[in-house]
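This briefing introduces one protein to a reader who has not met it before. The sequence and the structure come first, followed by notes grouped by topic.

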Amino acid sequence: MQHHDPVGTRQGEIEAVSDALKSRLTSAENVLATLAVDLDNELRFSSGLVALTDHRLLARDAAGAWREWPLSEPGIALHLIDHAGIGTLELQGAQGQLARWHYTLEQQASALRLLKLFGQRMAVAVDPNAGAVAIAGLADVDELPEAVEAQPPPSTWGLLRLGRFAKPYRKQLITGFLLTLASTAATLVPPYLTIPLMDDILIPFQNGQQIAIAKVVLFLGALLLSALAGWALGWARTYLLALVSERIGADLRTTTYEHLLTLPLDYFGGKRTGDLMSRIGSETDRINVFLSLHALDFVTDVLMIAMTAVILFSINPLLALVTLVPLPFIAWMIHVVRDRLRTGFEKIDRVWSEVTNVLADTIPGIRVVKAFAQEKREADRFHAANAYNLQVNDKLNKTWSLFTPSVSLLTEIGLLVVWGFGIWQVARGRITVGVLTAFIAYIGRFYTRLDSMSRIVSVTQKAAAGAKRIFDILDHVSNVPEPVNPVKVKRIIGRIEMKDVGFRYGSRAVIRNLDLVIEPGEMIGLVGHSGSGKSTLVNLICRFYDVTDGAILVDGTDIRRFAVTDYRRHVGLVLQEPFLFFGTIAQNIAYGKPDATREEVVAAARAAHAHDFILRLAHGYDSLVGERGQGLSGGERQRISIARALLIDPRILILDEATSAVDTETEKEIQRALDNLVKGRTTIAIAHRLSTLRKADRLVVMDRGEVVEVGPHDALMEKQGAYWRLYQAQLRQADEEASDGAVSERAAVQVALGTHAAHSAGLQ
């Protein structure tokens, strides 16, 4: 059987539609914008087209039929609606709706562009002098990128941004620099002493003169002292700067992690866990190694080269110039290789984060992997990511492996040139053998440091790539900002008022024109189809996101005027899938109030109906909970989550599908715990099973991001509106499940009876 690629098929169909459009255009007609209509009226994948020209609007359906509307038609208007991943474009005329098209949000940018240009053409039709006009609600259309811009490669100058982390250690760094200067100077003394040793002692001795013992002792003593001074100064410098670099690295890690915790939820929604862990862990370690070892070596190399050059020119300027012959070639090679290394190391970082992403996905989900027997598949994923990492590293190593020997070759050639030129100078009597010997010793140090500097290029580019990935986090500004002058949160009563609230995810409207007042101590049930905006609304109340339009007021104050941390201390949250941290039961219950006493923890557990099962554990409240609550049932984890919320005594309580993932008996136990939790608190509950919200004072029915009904259960049932339809649908579903269960049970009984009858016949 052949398998077809639906995406490729649809793309081919869209191209065919575009060709058909060209054949319908007049010679003077220009297409301004098009929209690929990839859904039909029943929301199945299809291929249609809406096109805007400078004179008319054309549309083609999946059957190939074309329709058109001139822009001069009276009362014509376009309206765009997007909800739950589906966009709808409606064409209205003076007599009502003319046409309607559906599309996936992949086409949203095209739809917004078409809508904007349509508005501009209509404005020009009314007022020819209007030109390009701003359409209300579409101010952000111009900001939609045609394509995602490639990020610039990391720059070595980005390492200078680490300077702000070095400021607290200015004195230590200055001391370290002075120690480096002194230790470098000490290491340059021995080659200089070779001049008098050769010219005043060894060569005269070869010519028959007596050796002056006092001079020998003096020179050898000076050599020993310089060696000891270089060792002591080098040790002090290395130790001091290592301490400083470790603290800079620790500060960098801490600052990055603290900033990461302040970022909104949508930032984490677009990132992989393994990538973030790699940035805070591996990248900061890489920067730390660079600062503690290689940056110090680089400074030493620069000082050594500069001071050696000064000494060489002071001894013999002409011979010193010959020494510098390889420098332009080495500098050119470093410039060429640096760019390749810079982009290469950033790519290696991205590829390595993919390896850690596989681990971050697989290890927490190991039960699912084993349950579906997908060990080989996950091993293959890791093998593929690791193989690609190896491939990228091999490609970069080709460049690096050629660069390093080339630098060494150039320095060797430079040394040969100095030897040749120096011998020629000695033969002409312009320099002594001692001077040439000192020159060779200094040149050995000079070229060694030059070779070392060239090798640092690799480490520097790795650190620059790491710094860029770290500052990508630090430069990200939270879209839930702290107020400049926050209102002090003393005591919250719990009155919540939403005034004309609107919220958009990017270009998709999720909440629209929502007005709602929740009184203190009132329990509200949020109901509606999936994607109606229930969870988004509670996220806005918790201030995980900020509203796009309107305001949310708590006790009459806009929640954006509260400090985020102060406000959230008064909000309790019980999620559908409770998250428990690795630690003891008591530590998890006291997570929101770390200074809670054991008596307070036990009281919260009792109220959450968790005390009894906790005592049955091996170590009671001191029993360790595995990562994500491994070892506890879903109901037990949920009751610990309820105890955690009870302990902070919040005035506002959010219950997001708190009982949807457990069986009926466990739900009853959790419901008793929730009854204790909601007493005296403003409670907003989301539940899939509408029967669990009967105790709510009011039910708020949402649809497409709007409130369509509000009232108690009985009143809404009598009204027979949106809530009634939801309730009836759930009843029918429950009846069907009960019916299916009864049929299955009868079939099982019949099979058992048939087996028993056959067995009896066999005995007879």
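Helices and strands are DSSP runs, of at least four residues for a helix and at least two for a strand, and they are numbered from the N terminus. The model described here is predicted. In it, the protein has 22 helices and 19 strands. Of its 764 residues, 43% count as buried. Among contacts between residues at least 6 apart in sequence, 71% join residues at least 24 apart.

**A hairpin**

- Strand β6, residues 86–93, pairs with strand β7, residues 96–104, in the antiparallel sense over eight bridges.
- The two strands β6 and β7 are joined by a hairpin through two residues.
- Within this pairing, glycine 87 stands opposite tyrosine 103 of β7.

**The sheet of four strands**

- Four strands make up an open sheet with antiparallel pairing, in the order β9-β8-β11-β12.
- At its edges stand β9 (508–518) and β12 (557–558); each has a single partner strand, so one side of each is left without a neighbour in the sheet.
- Strand β8 (residues 496–505) runs antiparallel to strand β11 (residues 549–554), and five bridges join the two.
- Opposite glycine 502 stands aspartate 549 in β11.
- Helix α14, residues 534–541, lies across β8, β9 and β11, and runs at about 115° to β8.

**The sheet of six strands**

- A second open sheet to note has six strands, in the order β13-β16-β17-β10-β18-β19, and its pairing is mixed.
- Its edge strands, β13 (571–574) and β19 (706–711), each pair on one side only.
- From one strand to the next, the twist averages 20°.
- Strand β10 (residues 523–527) pairs with strand β18 (residues 698–703) in the parallel sense, over four bridges.
- Valine 527 has valine 701 in β18 as its bridge partner.
- Helix α14 also appears here: it lies across β10, β16 (652–656), β17 (682–686) and β18, and runs at about 150° to β17.

**Nonpolar cores**

- In soluble globular proteins, nonpolar side chains tend to be buried together.
- The largest nonpolar core of this protein has 46 residues, and those with the most contacts inside it are Ile589, Tyr621, Ile642, Leu677 and Tyr723.
- Helix α19 (residues 634–647) gives the most to this core, contributing six residues.
- When its neighbours within four places in sequence are left aside, isoleucine 589 is in contact with Val601, Ala604, Ala605, Ile614, Tyr621, Ile640, Ala643, Arg644 and Leu647.
- Another core lies apart from the largest one and has 33 residues, among them Leu526, Ile541, Ile652 and Met702.

**Aromatic rings**

- A pair of aromatic rings is described by the distance of the centres and the angle of the planes.
- Seven aromatic pairs are found in a search of the whole structure.
- In one pair, the ring centres of phenylalanine 421 and tryptophan 424 are 5.7 Å apart and the planes are at 40°; the pair counts as tilted because this angle is neither under 30 degrees, as in stacked pairs, nor over 60, as in edge-to-face pairs.
- Phenylalanine 421 and tryptophan 424 are three residues apart in helix α12 (residues 375–427), so about one helical turn separates them.
- Tryptophan 424 has 38% relative accessibility and therefore counts as partly exposed.
- Phenylalanine 562 and tyrosine 567 form a stacked pair, at 5.9 Å centre to centre with 5° between the planes.
- Both members of that stacked pair, phenylalanine 562 and tyrosine 567, are buried.
- A charged residue also meets a ring: arginine 161 lies over the face of phenylalanine 471, at 4.2 Å from the ring centre.

**Residues with positive phi**

- Most residues other than glycine have a negative phi.
- Aspartate 555 has a positive phi, near 55°.
- Aspartate 555 is placed in the loop between β11 and β12, and its relative accessible area of 30% makes it partly exposed.
- Glutamine 720 likewise has a positive phi, near 55°.
- The place of glutamine 720 is the loop between α21 (713–719) and α22 (722–763).

Definitions and conventions. Residues numbered from 1 in each chain as written. Predicted model: local features only at pLDDT ≥ 70, side-chain atom pairs only at ≥ 80, totals over all residues. Heavy atoms only, no water. Phe/Tyr/Trp six-rings, centres within 6.5 Å; stacked < 30°, edge-to-face > 60°. Buried < 20%, exposed > 50% of the residue type's maximum accessible area, 1.4 Å probe, protein only. Lys NZ or Arg CZ within 6 Å of the ring centre and 35° of its normal. Pairing = 2+ DSSP bridges. Contact = heavy atoms within 4.5 Å. Axes fitted to C-alpha atoms, helices over the stretch in contact; angles between N-to-C directions. Core = buried A, V, L, I, M, F, W, Y, C linked by side-chain atoms within 4.5 Å.
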